[in-house]
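Got the viewer open? Let's take a walk through this structure, one selection at a time.

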Amino acid sequence: MARKTDIPPSYYGEPRKFDPNFRGPVHDRGCTDVVCCVIFVIVILGYIALGTVAWIHGDPRKVVYPTDSHGEFCGQQGTANQNKAILFYFNILQCANPAVLINLQCPTTQLCVSKCPDRFATYLDMQYNYRKNKSYWEYYKQFCKPGFDNPTKSVAQVLRDEDCPSMIVPSRPFLQRCFPDFITRNGTLTVANKTNFKDGLGKMRSVIDLRDAANGITSLLDAKEVGMKIFEDYASSWYWILIGLVITMVVSLAFILLLRFTAGVLLWLIIFGVVAVVGYGIWHCYWEFSTLKGKPHVDGDVTISDIGFQTDFRLYLQLSQTWLIFMISLSVIEAAILIILVFLRRRVRIAIALLKEGSRAIGYIMSTLFYPILTFVLLAICIAYWAVTAVFLASSGDAVYKVMSTQDKCIYANITCDPETFSQTNVTKLCPGSQCTFAFYGGESLYHRYILVLQLCNLLVFLWLVNFTMALGQCTLAGAFASYYWALKKPQDIPDCPLFSSFSRAIRYHTGSLAFGSLILAVVQMFRIILEYLDLKLKGAHNAFARFLICCLKCCFWCLEHFIKFMNRNAYIMIAIYGKTFCTSAKDAFFLLMRNVVRVAVLDKVTDFLLFLGKVLISGSVGVLAFFFFTRRIPVIQEEVPSLNYYWVPLLTVIFGSYLIAHGFFNVYAMCVDTLFLCFLVDLEVNTGSAARPFYMSSTLKHILNKKNSKKASKGQTRR
């Protein structure tokens, strides 16, 4: 039996926080939070059922293909429209009607065509020219209703029966729809070099009217052109992008392995390297700013707001204001780094000791570095299933037709109608020009009434599964690293296959606990998404109090989400070690951290800061290398650089991808440090350094904290 002096004083002064006989992760454990586990399994089965029902009722073609006024798909194989993949609007001027914003449908007849018109023409002019040349009708009738072939029918009757459009304008397809072919010449908006045209009803109209009807289409067309150029850049540079990402992976792996031997040197090099890089950036920005200010031909009064958004980012680099903003931002970052280093330099040394211990743990359990691949695969499955289910749910239902009227005061507007019997009703008489047009896909059944609810359920379960996948990874890694810490003789006492053993324990015993914590986080994230949606809807509102309330709620839920993430992470570590329920583990972790709040606030966050510097240094170094490569500033391989429309496309991809890869490697490292940190705190509370209760921490940490084991205990430990 252990002597009284072998037990920490707190054991007799207050209720014991941990088992004094604890010697490492508990292997003889039972299932935790069984009720939540059962609910989680039932929800997964229900989610599979939801996907099956959505697959039965849904039709993705409703999302892929545009739909004409009769609910028929344009371009669908096996139908009369299989060679007509583009949607044509009889009178696109009607698309400026407010009804478009309500129904997301233009109140005019819509027809599937094989190509868009390439000239200005009216039905009246066609009839006049038809007498001389039959080809006018052959061209015009392809934009009329199928089967109509009576060019001599009066214009009034044709327009009344909606057999043909009153006019056609030069158009080009975009998103499988015909929109006017706008071209700006010398600052003037034109269509086929014209600024005015006939509307087929005896009036001259301006191209501006077409622009208002197709509001936003010109910007979308520009976006499409930019998108095509970006796609071309990816197609010609993907090979070099891949090489850059592989370099990042090798550098990240080498960096973590080197930490095992030279953690102190490397981390100080990181710190001074980042300080030097940011300092050089400040100097370079100042030099560019001074140079641009000194050029007499440069207009110093031009600002970023004056030139607006430009796809060519080089225009911004020609403004002195841009470099001034860069210089101020980098100066703030530099000042923050220096302040942290001055006031926390002693804590940095302790953080380095934790990182050294973490590098040793990863060195003994190298398989943990590749666990994020499994997490990535599981997340990809969750995202793919959610997206497919959402598309099938959105495309569920039958075609619903509604009355579309050009008159704002039509009492029948937006009511459901039947296109087969619409002509026999009085609606056309009371609301001249109204039509029974396809609106959307839906239905009156119970299933169709709750499509929105099912979409929300789909989103909630998706968030739950994503958070569960992340929780499983955290608990698995924590169990593996805890088995390292509580091995008295390293590496002899480290169990075989610690990562697989930890994964098996997490799945077999703690699925319910992981699901419980994940559900809490998913609910908070769901509320955040709803608040973002409400904020988007209230942006145009004039109710200042409502916007203020939404802003406060968003801030509160943001803080709550990050707090829950922090607590869940530490709760999963305690679950991996002790095998208790989620609530008990979260409570133990919380009070353990509160009893060591200074260490948590300083050591843990300084460690996170150093790891962040490592990620920035790796991604920044690879980014600089990519910049010199894609801008042809490396003479040796200058000829190998592909021709690009925008060199920043592969450059930003390499930088962002490099950061994600480095983040994946360092996340494992951060989980290792967090686990060792909690084990270290438990070690301090449970053990005294005596022969019966030796400290399990590294000799470096014992030296920093002025702790030591008795000689009898030290004989059983290997030198580290």
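Before the first stop, one definition: a surface patch is built from residues with over 30% relative accessible area and no salt bridge, and nonpolar side chains are joined into a patch when they lie within 5 Å. Keep in mind, too, that what you are looking at is a predicted model.

**Stop 1: a nonpolar patch on the surface**

Select W238, Y239, L242, V246 and V250. Together these residues make a nonpolar surface patch of about 530 Å². Now pick out V250 and show its helix: this residue lies in α9, which covers residues 217–294. Is V250 buried or exposed? It counts as exposed because its relative accessibility is 53%, and the cut-off for exposed is over 50%.

**Stop 2: the whole protein**

Zoom out for a moment and colour by secondary structure. You should find 24 helices and 12 strands. The protein has 720 residues, and 45% of them count as buried. The area it exposes is about 37900 Å², with carbon and sulfur atoms supplying 64% of that. Contacts also reach along the chain: of those between residues at least 6 apart in sequence, 71% join residues at least 24 apart.

**Stop 3: into the cores**

In soluble globular proteins, nonpolar side chains tend to be buried together. To see it here, select F481, Y485, W486, L514, Y669 and F680. They belong to the largest nonpolar core, a set of 113 residues, and they touch the most other members. Which helix gives the most to this core? That is α22 (residues 648–686), with 21 residues.

Stay with F481 and show what surrounds it. Leaving out residues up to four places away in sequence, F481 touches A361, I362, I365, T368, V668, M671, C672, T675 and L676. There is also a second, separate core of 21 residues; try selecting A121, V155, C164 and I168, which are among its members.

**Stop 4: charged pairs**

Side chains of opposite charge can pair when their charged atoms come close. The count of salt bridges here is 12, and a few are worth a look.

Start with D163 and K153, whose closest N and O atoms are 2.8 Å apart. The two residues are 10 apart in sequence: D163 is in the loop between α7 (155–161) and β4 (167–168), while K153 is in the loop between α6 (135–140) and α7. D163 is buried, as its relative accessible area is 11%, and K153 counts as buried at 16%.

Next, select D181 and R172. This salt bridge has its closest N and O atoms 3.2 Å apart. D181 is partly exposed, with a relative accessible area of 23%, and R172 is partly exposed too, at 27%.

Now move on to D535 and K554, which meet in a salt bridge with an N to O distance of 3.1 Å. Show the helices they sit in: D535 is in α18 (residues 511–537) and K554 is in α19 (residues 544–578), so the pair links parts of the chain 19 residues apart. D535 counts as buried at 18% relative accessibility, whereas K554 is partly exposed at 22%. The two fall on opposite sides of the cut-off because buried means under 20%.

For the last selection, take E138, K141 and D149. Salt bridges that share partners join these residues into one network.

Technical notes:
Residues are numbered from 1 along each chain as its sequence is written. This is a predicted model: local features need pLDDT of at least 70, side-chain atom pairs count only at pLDDT 80 or more; totals for chains, interfaces and linings use all residues. Side-chain values use heavy atoms; hydrogens and water are left out. Patches are made of residues with over 30% relative accessible area and no salt bridge: like charges are joined within 9 Å, nonpolar side chains (Val, Leu, Ile, Met, Phe, Trp, Tyr) within 5 Å. Accessible areas come from the Shrake-Rupley method with a 1.4 Å probe; for residues, only the protein chains shown count as cover. A salt bridge is a side-chain nitrogen of Lys or Arg within 4 Å of a carboxyl oxygen of Asp or Glu. Helices (H or I, at least four residues) and strands (E, at least two) are DSSP runs, numbered from the N terminus. Buried means under 20% relative accessible area, exposed over 50%, partly exposed in between (1.4 Å probe, protein chains only). A nonpolar core is a set of buried Ala, Val, Leu, Ile, Met, Phe, Trp, Tyr and Cys residues joined through side-chain atoms within 4.5 Å. Contact means heavy atoms within 4.5 Å.
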